[in-house]
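Dear colleague,

Please find below the structure that I am handing over to you. My notes on it follow, and I would be grateful if you read them with the model open beside you.

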Amino acid sequence: MPIVHIHDSDLSFEQRGEHDTILRAGLAAGLGLSYECNSGGCGSCKFELIEGEVEELWPEAPGLSARDIKKGRKLACQCRARSDLVIAMRTDDSFRPAILPGRFLASLESRRELTPDITEFRFRGPAPARFLPGQYAMLRLEGTGAPRAYSMSNLANAEGVWEFWIRRKPRGQVTESLFATLQPGARVVLDGPYGLAFLQTEAPRDVLCIAGGSGISPVLSIARGLLSDPAMAERKLHFFFGGRTPADICGLAELQALPGFAERASFHAAISEPREGDGWDGAVGFIHEILAKVLGGTLRDFECYLAGPPPMVQATTRMLLLEQGVPAEQVHFDRFF
Ligand SMILES: Cc1cc2nc3c(=O)[nH]c(=O)nc-3n(C[C@H](O)[C@H](O)[C@H](O)COP(=O)(O)OP(=O)(O)OC[C@H]3O[C@@H](n4cnc5c(N)ncnc54)[C@H](O)[C@@H]3O)c2cc1C
Ligand code: FES
């Protein structure tokens, strides 16, 4: 097994297993390697190869700019070691996994359609499901190449249940196959947990969850974690969810079923593409605009959790950080590349 050494440090780890990338092997060894998406999109896991040979799994990954490629930089989430390596890469304790990720086979227990394009998939693994509210796992479906990241919508549990709310992407390699072929009993490989946008149980502020589309999955887990934790009983929750049309809006029934929802929480939905006769009499606009209208001026008082497509996360973080002055350490997000 190749050994990876981090340049100018005493850190090293072994790359185990056929499917491991350098990033996932390092995190599984408990190292704080810089990352966010695990999917080739964000560029947080860039490294420079000083010694050794790597296999690049997705050389065109958008996380590398033309300048990065010219300078010989690579993505740790898209490379495998082919020999012992020395790499220069950012490390920090903030990236160190609170729960070590692991890979295992899981079988589909059930699927439930939530909207015309979002379905809940519930898998059961062989051991208790250990993760923090807001984290994600990599799901590999046989015959579909690279794994994809999906955020858990449930909470850690002794029964080994991993629940995901997944949006079908037209012509998407993995989701088209998941939606078309995966039936109860089918097996997938899960690898996790990953992700840094998890519920901060020590933070003393009320909580704001902001989701676009399938971004609802991790923030539903955060809402579930908050409302079921007696240590956070004093904190309130404001949940903002944006879709394109009324048919995209989901999650209210699951939130209303949580203990204390009526007393401690509020749900705001908005759609961005209203149509004549669609029956929608709620808010219209992008969800960050609705949020600014409803809570603008008070946003500094919240711990904020966001998830969704990169443009939605970018518009919302810009509003929170630049227009509303929310300190960066109170804003936690996952961009769904
Ligand atoms: C942290 C995170 C959490 C996410 N959580 C959710 C969630 O809870 N629910 C949900 O519906 N979606 C989620 N996504 C999006 C999800 O991972 C997929 O991008 C989406 O389902 C579309 O996948 P697809 O294969 O159908 O589409 P495709 O268009 O085939 O692939 C889309 C993505 O797969 C990756 N990819 C494409 N080609 C390659 C390649 N050759 N090698 C490696 N990677 C490649 C890229 O990241 C690309 O953006 C999340 C993404 C991230 C990063
Ligand atoms: S973590 Fe590798 S590109 Fe995002």
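An oxygen atom of ligand 1 lies 2.9 Å from a polar backbone atom of Q173. Please bear in mind throughout that this is a predicted model.

Two further pairs of atoms link the protein and the ligand. A polar side-chain atom of Y150 is 2.6 Å from an oxygen atom of ligand 1, and a backbone N or O atom of W165 is found 3.0 Å from a nitrogen atom of ligand 1. On its own, ligand 1 has 950 Å² of accessible area, and the protein covers 85% of this.

Which elements give two or more residues to the shell around ligand 1? They are β11 (148-151), β12 (161-167) and α3 (173-181). The most is given by β11, with four residues. In total, 23 residues surround the ligand, and the closest are R148, A149, Y150, K169 and T175. By character, the residues of this shell comprise eleven nonpolar, eight polar and four charged.

I turn next to a glycine in another strand. G243 belongs to strand β15, which spans residues 237-243. Is G243 buried or exposed? Its relative accessibility is 12%, and because buried means under 20%, G243 counts as buried. Leaving aside neighbours within four places in sequence, G243 is in contact with D248, I249, A270, I271 and S272. G243 and W162 are 81 residues apart along the chain, and their C-alpha atoms are separated by 24 Å.

The last element I should like to describe is helix α7, residues 287-295. Its buried residues are I287, H288, I290, L291 and L295. Viewed down the axis of α7, these buried residues fall within an arc of 155°, so they line one face of the helix. A general point helps in reading this pattern: an α-helix has 3.6 residues a turn, so residues three or four places apart point the same way.

Against what do the buried residues of α7 pack? Their partners are the strands β14 (206-212), β15, β16 (265-271), β17 (283-284) and β18 (302-308), together with the helix α8 (310-323). Strand β15 on this list is the one in which G243 is found. After α7 comes G297, whose phi is positive, near 95°.

With kind regards

Terms used
Residues are numbered from 1 along each chain as its sequence is written. Chains are lettered from A and ligands numbered from 1 in the order in which they are written. This is a predicted model: local features need pLDDT of at least 70, side-chain atom pairs count only at pLDDT 80 or more; totals for chains, interfaces and linings use all residues. Side-chain values use heavy atoms; hydrogens and water are left out. A residue is near a molecule or strand if one of its heavy atoms lies within 4 Å of it. A polar contact is a pair of N or O atoms within 3.5 Å; within protein, one must be able to donate a hydrogen and the other to accept it, and residues adjacent in sequence count only if both atoms are side-chain atoms. Accessible areas come from the Shrake-Rupley method with a 1.4 Å probe; for residues, only the protein chains shown count as cover. Ala, Val, Leu, Ile, Met, Phe, Trp, Tyr, Cys and Pro count as nonpolar, Asp, Glu, Lys and Arg as charged, and the others, Gly among them, as polar. Buried means under 20% relative accessible area, exposed over 50%, partly exposed in between (1.4 Å probe, protein chains only). Contact means heavy atoms within 4.5 Å. The arc is that of the directions from the helix axis to the C-beta atoms.
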